[in-house]
Amino acid sequence: MSSDNNIEASTSEAPAPAPAKAADKILDVARDLFYREGIRAIGVDEIVKRAGVTKPSLYRSFPSKDELAASYLRKYDLEFWERFDEAVDAHPGDPRAQIIAFLTRVGKRTQRPEYRGCGMTNAAVEYPERGHPARVVSEANKHELRRRLRAMAAAMGAGDADTLGDGLLLLIEGAYISGQLFGLGGPAASVARNADLLIEASLKK
């Protein structure tokens, strides 16, 4: 084969995928461990060992474990709103159906053996101190969820939209906790049905 053909063959091959960055490996491992076992329970040594990186490489990307925890929760936050927006987009102009669609998926997730509730809620419980980086991210997520639920309740025409929105938030948080306590067959499986009953009762007033 000529040298020109060799060049043509080599340039036509797809480039090898770039290796994952150390920061991405660290964050992926931390996300899995933090969610399953809790943030405080997992040390930096365990994370770097699982990620196959060095401790200096971790601290180059994340100045502290607190910042790593906050980064994990920021990623969790993005994924949460992706799921929420999928339910909204599936039912344009129908906030009641949007909420029920979202909670139907929540109810199904609570029945999985690996379910550990909401990472945001868990982090807020682990870090009661105001201003902690992990708690700041968690609080922002919950405040935004409350705002959206109240706005959706108002769009439904509820006479007391704020109370309905807060009631829906309480149901959601209850599902997160009871899903961990009861597992398969627990009350969290019916969170969407209970939300629909609450909405129906609120709209009749």
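The biggest nonpolar core in this predicted model has 57 residues, and the ones with the most contacts inside it are Phe34, Ile47, Leu68, Phe102 and Leu103. Two or more residues each come from H2, H3, H5, H6, H7, H8, H9 and H10. The largest share, ten residues, is the work of H5.

Let's zoom in on one member of that core. What does Phe34 touch, leaving out residues up to four places away in sequence? Its partners are Ile39, Ile42, Ile47, Lys65, Leu68, Ala69 and Tyr72.

**The whole chain**

Now step back. The chain has ten helices and zero strands, so if you read the elements from the N terminus on, you get α-α-α-α-α-α-α-α-α-α. Of its 205 residues, 41% are buried. Take the contacts between residues at least 6 apart in sequence: 66% of them join residues at least 24 apart. As for the outside, the accessible surface comes to about 11200 Å², and carbon and sulfur atoms account for 56% of that.

**A walk along H9**

Helix H9 runs over residues 161–182. With 22 residues, H9 reaches 31 Å from its first C-alpha to its last, close to the 32 Å expected at 1.5 Å a residue. Plenty of H9 is tucked away: its buried residues include Ala161, Leu164, Gly165, Leu168, Leu169, Ile172 and Tyr176. What covers the buried residues of H9? The cover includes H5, H6, H7, H8 and H10.

One of those covering helices, H10, holds Ser202. Is Ser202 buried or exposed? Ser202 counts as buried because its relative accessibility is 14%, under the 20% cut-off. Not counting residues up to four places away in sequence, Ser202 touches Gly159 and Leu164, and Leu164 is one of the buried residues of H9.

H9 has an outward-facing side to its story too. Leu181 lies in this helix and counts as exposed because its relative accessibility is 66%, over the 50% cut-off. Together with Ile177 and Phe182, Leu181 makes a nonpolar surface patch of about 340 Å². Just after H9, Gly183 takes a positive phi of about 65 degrees.

**Salt bridges**

Side chains of opposite charge can pair when their charged atoms come close. This structure holds 20 salt bridges, and here are some of them:

| Pair | Closest N to O |
|---|---|
| Asp32 and Arg36 | 2.9 Å |
| Arg146 and Asp166 | 2.8 Å |
| Arg150 and Asp166 | 2.9 Å |

Start with Asp32 and Arg36. Why are they separated by about one helical turn? Because they sit four residues apart in helix H2. An α-helix has 3.6 residues a turn, so residues three or four places apart point the same way. Asp32 is partly exposed, with a relative accessible area of 37%, and Arg36 is partly exposed as well, at 36%.

The other two pairs both involve Asp166. Arg146 lies in H8 and Asp166 in H9, so their salt bridge ties together parts that are 20 residues apart in sequence. Arg146 is partly exposed, at 32% relative accessibility. Arg150 also lies in H8, so its bridge to Asp166 in H9 ties together parts 16 residues apart in sequence. Arg150 counts as partly exposed, at 23% relative accessibility. Elsewhere, Asp85, Glu144, Arg147 and Arg148 are joined into one network by salt bridges that share partners.

How values were computed
Residues are numbered from 1 along each chain as its sequence is written. This is a predicted model: local features need pLDDT of at least 70, side-chain atom pairs count only at pLDDT 80 or more; totals for chains, interfaces and linings use all residues. Side-chain values use heavy atoms; hydrogens and water are left out. A nonpolar core is a set of buried Ala, Val, Leu, Ile, Met, Phe, Trp, Tyr and Cys residues joined through side-chain atoms within 4.5 Å. Buried means under 20% relative accessible area, exposed over 50%, partly exposed in between (1.4 Å probe, protein chains only). Contact means heavy atoms within 4.5 Å. Accessible areas come from the Shrake-Rupley method with a 1.4 Å probe; for residues, only the protein chains shown count as cover. Patches are made of residues with over 30% relative accessible area and no salt bridge: like charges are joined within 9 Å, nonpolar side chains (Val, Leu, Ile, Met, Phe, Trp, Tyr) within 5 Å. A salt bridge is a side-chain nitrogen of Lys or Arg within 4 Å of a carboxyl oxygen of Asp or Glu. The expected span of a helix is 1.5 Å times one less than its number of residues.
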